[in-house]
Amino acid sequence: MKAKAAIEATGAPGTAEAMRVLMLTLLLHAGPAPSGTPAVSAQGTTARSSVGPRAQPPASASREGAVIAAEPVAPETRARLLRREVAQWRSRSEGPDAAWQPAQRDCAGLIRYAYRTAYRRVASERLASPLWRDARGPSDFADAETLISLSFVPLGRGADALEQLRSGDVLAFRQEHDAGPVFHLMLVVRPEDRAHAPARVVYHPGEAGARVRTGVLDSLATEAPLEWRPVPANAAFLGFFRFKEWMS
C-alpha cells in the first residue's frame, strides 16, 4: 500500500543518559521541523484485520526492551512524565533504539515499543503485567486493529477531538484492499506549550528497513491524499484514540 502524504522525514540521534534523566523533570518542548526538509511518502502497512488470518505475535514480542528498575513516581505526575517520554520519538525518527527488534518494526510495533520504553523509564513496575489486551485477555502483543479495539478509547473524528490531543494519542486509518482491510496507526507528539511548536505525527511505514517518519499534523490534514487525511470527510480515517489507562 502506498500513499504520498506530505510528510517530512526528520529526526536526530537519541540523547545521552543524563538528558534522559533531565527530561523527567523538565517540560518537553519539541521543536519544529528544520526548514527545507524534503517530503516523503506515507505508506500504511499493519497487521490484517479479521478478514483473513490474524497476525501472530513474533517469538520476541514479550521482549520489546528489558525492564529496568525505576524509583516510584507519584500518581499525579506519572501520566505527564509518560507522555513526555513517548514524545521523545519525535527525536528518535533518525535512529531508533537498537533494542526495538526489526521483526517488530511496523506502525503498531512503534506504538507498543514507544509505550514500553516510556514505562521502563517512569513506572517500570507497571510492566510486571502486559500493557495490552487481545481477545484472550492481557497480552504483550497486539496488532493495530487489536490495539485500538481493546487497549485504546476513541476520542472522536472532528475538531473537538483534535483540540484535546496530547502526546501519546494515536491516529488510526483503515484502508480497504482486495485481500481485506489494512489498519495503520500514527503516534501524536504535541508540546505541552502549544505555542512553542505544532502537533506532529510519528509513524513507521511498515516496510522492512524503513525509517520512522514524522510530519506536522495540520499538513497531513490539508496536503495528504484524501485517504490519508485525518478529517471527518475521509471514510478511511477511524479517528483519534487514547490509551485507556491515560483517560483520567
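Trainee: Why is arginine 136 called exposed?

Mentor: This is a predicted model, and in it arginine 136 has a relative accessible area of 76%. The cut-off for exposed is over 50%, so arginine 136 is exposed.

Trainee: What makes arginine 136 and aspartate 134 a salt bridge?

Mentor: Their closest N and O atoms are 3.5 Å apart. A salt bridge needs an Arg or Lys side-chain nitrogen within 4 Å of an Asp or Glu carboxyl oxygen, so this pair counts.

Trainee: And aspartate 134, is that buried or exposed?

Mentor: Aspartate 134 is buried, at 15% relative accessible area. Buried means under 20%, so the label fits.

Trainee: How many salt bridges turn up in the whole structure?

Mentor: The search finds 10. One of them joins arginine 80 to glutamate 192, with 3.3 Å between the closest N and O atoms. Here the partners come from distant parts of the chain, 112 residues apart: arginine 80 sits in helix 2, and glutamate 192 in the loop between strand 7 and strand 8.

Trainee: Why do arginine 80 and glutamate 192 count as partly exposed?

Mentor: Arginine 80 has 42% relative accessibility, and glutamate 192 has 33%. Partly exposed is what lies between the 20% and 50% limits, so both get that label. Those two are also linked with Arg84 in a network of salt bridges.

Trainee: How do you know that arginine 121 and glutamate 85 form a salt bridge?

Mentor: Their side chains meet at 3.3 Å, N to O, and the limit is 4 Å, so the pair passes. This one ties helix 3, with arginine 121, to helix 2, with glutamate 85, across 36 residues of sequence.

Trainee: Why are arginine 121 and glutamate 85 called buried?

Mentor: Arginine 121 comes out at 16% relative accessibility and glutamate 85 at 4%. The threshold is under 20%, so both are buried.

Trainee: On to the rings. What makes tyrosine 115 and phenylalanine 152 an edge-to-face pair?

Mentor: Two values decide that one. The ring centres are 5.9 Å apart and the planes make an angle of 70°. Pairing needs centres within 6.5 Å, and edge-to-face needs over 60 degrees, so both tests are met. Tyrosine 115 belongs to helix 3 and phenylalanine 152 to strand 5, 37 residues apart. Both are buried.

Trainee: And why is the pair of phenylalanine 243 and tryptophan 246 called edge-to-face?

Mentor: Their centres lie 5.8 Å apart with the planes at 85°, so the pair clears those same two cut-offs, within 6.5 Å and over 60 degrees. Phenylalanine 243 and tryptophan 246 are buried too. The structure holds 11 aromatic pairs, and ring pairs link Tyr115, Trp132, Phe152, Phe243 and Trp246 into a cluster.

Trainee: Which residues touch the most other members of the largest nonpolar core?

Mentor: Trp89, Ile111, Tyr115, Tyr119, Phe152, Leu185 and Leu187, in a core of 36 residues. Helix 2, helix 3, helix 4, strand 6, strand 7 and strand 10 each give two or more residues, and helix 3 gives the most, with 10. Another core lies apart from it, with 16 residues, including Leu171 and Tyr203. As a general point, nonpolar side chains in soluble globular proteins tend to be buried together.

Trainee: What does tyrosine 119 touch, leaving aside neighbours within four places in sequence?

Mentor: Its contacts are Leu82, Ser124, Arg126, Leu127, Leu131, Phe243, Glu245 and Trp246.

Trainee: Why does glutamine 175 count as buried?

Mentor: Glutamine 175 has 9% relative accessibility, and the cut-off is under 20%, so it qualifies as buried. This residue is in strand 6. A polar atom of its side chain lies 2.9 Å from the backbone oxygen of glutamate 227.

Trainee: What makes serine 149 partly exposed?

Mentor: Its relative accessible area is 46%, between the 20% and 50% limits, so partly exposed is the right label. Serine 149 sits in helix 4, and its side chain reaches the backbone oxygen of glutamate 145 at 2.7 Å.

Trainee: How much of the protein chain is buried?

Mentor: Buried residues make up 49% of its 248 residues. The chain has 6 helices and 10 strands.

Note on methods. Residues are numbered from 1 along each chain as its sequence is written. This is a predicted model: local features need pLDDT of at least 70, side-chain atom pairs count only at pLDDT 80 or more; totals for chains, interfaces and linings use all residues. Side-chain values use heavy atoms; hydrogens and water are left out. Helices (H or I, at least four residues) and strands (E, at least two) are DSSP runs, numbered from the N terminus. Buried means under 20% relative accessible area, exposed over 50%, partly exposed in between (1.4 Å probe, protein chains only). A polar contact is a pair of N or O atoms within 3.5 Å; within protein, one must be able to donate a hydrogen and the other to accept it, and residues adjacent in sequence count only if both atoms are side-chain atoms. A nonpolar core is a set of buried Ala, Val, Leu, Ile, Met, Phe, Trp, Tyr and Cys residues joined through side-chain atoms within 4.5 Å. Contact means heavy atoms within 4.5 Å. Rings of Phe, Tyr and Trp (its six-membered ring) pair if their centres lie within 6.5 Å; planes under 30 degrees apart count as stacked, over 60 as edge-to-face and the rest as tilted.
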